[in-house]
Amino acid sequence: MLTIHHLRISQSERIVWLCEELGLEYDLKLYNRDPETRLAPPELKALHPMEIAPLIEDNGTLLGESGAIVEYIVGKYAPDTGLVPGPDHPDFADHLYWFHFANATFMTNGMMQIAVGAVGAEMPPSLGKRVSNAWAQVERRLGEADYFGGSQLTTADIMMVFQLTTSRAFNNLSIDDKPNLKAYLQRIGSREAYQRAMAKAEPGFPPKLD
């Protein structure tokens, strides 16, 4: 059986949500962060050289990196799912863009912000502009389409939502000026698969959907 190693309050919630959307059976192993370092505990670090989540195990295969895991699960267990538009679908290019934007740009921006804050430095103007541009693009996209990948939920949404919800819960970023994003998060929050995933992955931690 597929095993998901999920570090609490981390992007590995994506993998739980994906499996719920696909209706897959899986074994979920939860890990709490070290109370002092806020990093993964020793038992999770011991599983993989990167010492971080997400990780999955599947019939002897150990795989990290959330984007790779999403593609692996879809490719192996649900190759015909509507969560991934094919090359002939009108949403194909948009889906690919936002699927990769999630970690290549959006998550990277967030990690750079954390690094700047950790050393007590001021935000460089170039980084501030990069961050504001990304959030503006998110709001603009959600005014054009109901989902990042287009007309329907795709794995692009599964990649994007962590940074818009759980991650945002820790920097107090308001989205009151982003009505398209607020409406989108309500659509996501109404999905039964998302509700099940968050209840399993983050018990006692309500998703930040507003």
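Q: How many residues apart are Glu144 and Arg141 in helix H5, and about how many helical turns separate them?
A: This is a predicted model. An α-helix has 3.6 residues a turn, so residues three or four places apart point the same way. Glu144 and Arg141 both belong to helix H5, residues 125-144. They are three residues apart, which means a separation of about one helical turn.

Q: How far apart are the closest N and O atoms in the salt bridge of Glu144 with Arg141?
A: Side chains of opposite charge can pair when their charged atoms come close. A salt bridge needs the nitrogen within 4 Å of the carboxyl oxygen. Glu144 and Arg141 form one, with their closest N and O atoms separated by 3.5 Å.

Q: Is Arg141 buried or exposed?
A: Buried means under 20% relative accessible area, and exposed means over 50%. Its partner Glu144 has 57%, so Glu144 counts as exposed. Arg141 has a relative accessible area of 8%, so Arg141 is buried.

Q: In what order do the four strands of the open sheet lie?
A: Strands of a sheet pair through backbone hydrogen bonds, either parallel or antiparallel. Here the pairing is mixed. The edge strands, each pairing on one side only, are S2 (27-31) and S4 (61-64). The order across the sheet is S2-S1-S3-S4.

Q: Which residue of S2 stands opposite Ile4?
A: S1 covers residues 3-7 and pairs with S3, residues 55-58, in the antiparallel sense over three bridges. On that side, Ile4 stands opposite Ile56. S1 also pairs with S2, in the parallel sense over five bridges. There, the residue opposite Ile4 is Leu28.

Q: Which strands does helix H1 touch as it packs on the sheet?
A: Helix H1 spans residues 13-22. Together, S1, H1 and S2 make a right-handed β-α-β unit. The direction of H1 makes about 140° with that of S1. The strands that H1 touches are S1, S2 and S3.

Q: How many of the 10 residues of H1 are buried?
A: The buried residues include Ile15, Val16, Trp17 and Leu18. Charged residues are on the list too, among them Glu13, Arg14 and Glu20. H1 is largely enclosed by the rest of the structure, because the number of its residues that are buried is nine.

Q: Which residue just after H1 takes a positive phi?
A: H1 covers residues 13-22. Just after this helix, phi turns positive, at about 70°. The residue is Gly23.

Q: How many residues apart in sequence are the parts that Arg196 and Glu20 tie together?
A: The side chains of Arg196 and Glu20 meet in a salt bridge, 2.7 Å from N to O. Arg196 lies in helix H8, residues 192-201, and Glu20 lies in helix H1. The pair therefore ties together parts whose separation in sequence is 176 residues.

Q: Which residue is linked with Glu20 and Arg196 in a network of salt bridges?
A: Glu20 is buried, because its relative accessibility is 8%. Arg196 is at 35%, so Arg196 counts as partly exposed. The network joins these two with Lys200.

Q: What is the relative accessible area of Lys178?
A: The structure holds 10 salt bridges. In one of them, the side chains of Lys178 and Asp177 meet at 3.2 Å, N to O. Asp177 is exposed, with a relative accessible area of 56%. Lys178 is buried, and its value is 13%.

Conventions: Residues are numbered from 1 along each chain as its sequence is written. This is a predicted model: local features need pLDDT of at least 70, side-chain atom pairs count only at pLDDT 80 or more; totals for chains, interfaces and linings use all residues. Side-chain values use heavy atoms; hydrogens and water are left out. Two strands pair if DSSP finds at least two bridges between them. Helices (H or I, at least four residues) and strands (E, at least two) are DSSP runs, numbered from the N terminus. Contact means heavy atoms within 4.5 Å. Axes are lines fitted to C-alpha atoms, for helices over the stretch in contact, and angles run from 0 to 180 degrees between N-to-C directions. A crossover is right-handed if, with the strands pointing away from the viewer, the path from the first strand over the helix to the second runs clockwise. Buried means under 20% relative accessible area, exposed over 50%, partly exposed in between (1.4 Å probe, protein chains only).
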